[in-house]
Amino acid sequence: QVQVVESGGGLVQPGGSLRLSCAASGSIFRVNVMGWYRQAPGKERELVATISSSGVMNYADSAKDRFTISRDNAKNTVYLQMNSLKPEDTAVYYCNLRAKDRSYVPRDVWGKGTLVTVSS
């Protein structure tokens, strides 16, 4: 089994910052793409940012210039630094991991999510 656990959500005022973390564990052979998605109330889940094993990053337009995704391959951990947060960034943020387990089976794993609330 492969699991991911998110942390770092919470309540922040507009203009503030938060850093989300997501750690993968379990029977992992190789981690490929790691990413963050979010789902606001009444809306569909959407991409925030992804990062490949070689460090290629992809951002949603809403995240460009404010959010930074990074990863620590040695720790199988991905981070999302969020700056200049806006009320419209309020959502549950989900970590996603695409990996191969030790049986070389591809795995597409989602975390349970961490709530980010941007409000004064």
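Buried means under 20% relative accessible area, exposed means over 50%, and partly exposed lies in between (1.4 Å probe, protein chains only). This is a predicted model, where local features need pLDDT of at least 70, side-chain atom pairs count only at pLDDT 80 or more, and totals for chains, interfaces and linings use all residues. Residues are numbered from 1 along each chain as its sequence is written, and side-chain values use heavy atoms, with hydrogens and water left out.

**Exercise 1. Find the aromatic pairs and describe each one.**

Step 1. Set the rule. Rings of Phe, Tyr and Trp (its six-membered ring) pair if their centres lie within 6.5 Å; planes under 30 degrees apart count as stacked, over 60 as edge-to-face and the rest as tilted.

Step 2. Count. A search of the whole structure gives two aromatic pairs.

Step 3. Take Phe-29 and Tyr-104. Their ring centres are 4.8 Å apart and their planes are at 80 degrees, so this pair is edge-to-face. Phe-29 is in strand 4 (residues 28-39), and Tyr-104 is in the loop between strand 9 and strand 10 (106-110). The two are 75 residues apart. Strands here are DSSP runs (E, at least two residues), numbered from the N terminus.

Step 4. Check accessibility. Phe-29 is partly exposed at 42%. Tyr-104 is exposed at 52%.

Step 5. Take Tyr-37 and Trp-110. Their centres are 5.0 Å apart with planes at 65 degrees, so this pair is edge-to-face. Tyr-37 belongs to strand 4 and Trp-110 to strand 10, so the pair ties together parts 73 residues apart in sequence.

Step 6. Check accessibility again. Tyr-37 is buried at 14%. Trp-110 is partly exposed at 37%.

**Exercise 2. Which charged end sits over the ring of Trp-110?**

Step 1. Set the rule. A charge sits over a ring if NZ of Lys or CZ of Arg is within 6 Å of the ring centre and within 35 degrees of the ring normal.

Step 2. Apply it. The charged end of Arg-45 sits over Trp-110, 4.6 Å from the ring centre.

Step 3. Add another case. Arg-19 places its charged end over the ring of Tyr-79, 4.1 Å from the centre.

**Exercise 3. Trace the strand pairing around strand 5 and strand 11.**

Step 1. Set the rule. Two strands pair if DSSP finds at least two bridges between them.

Step 2. Start with strand 5 (46-51). Strand 4 and strand 5 are antiparallel, with five bridges. Met-34 has Ile-51 as its bridge partner in strand 5. Six residues separate these strands in a hairpin, and Gly-42 in the turn has a positive phi of about 80 degrees.

Step 3. Move on to strand 6 (residues 57-59), joined to strand 5 by three antiparallel bridges. Ala-49 has Tyr-59 as its partner in strand 6. This hairpin has five residues between its strands, and Gly-55 in the turn has a positive phi of about 95 degrees.

Step 4. Turn to strand 11 (residues 114-118). Strand 2 (residues 10-12) runs parallel to strand 11, over three bridges. Gly-10 stands opposite Val-116. Strand 9 (residues 91-101) pairs with strand 11 in the antiparallel sense, also over three bridges. Tyr-93 has Thr-114 as its bridge partner.

Step 5. Read the faces of strand 11. Thr-114, Val-116 and Val-118 point to one face and are buried. Leu-115 and Thr-117 point to the other and are not buried.

Methods. Helix = DSSP H or I, 4+ residues; strand = E, 2+ residues; numbered from the N terminus.
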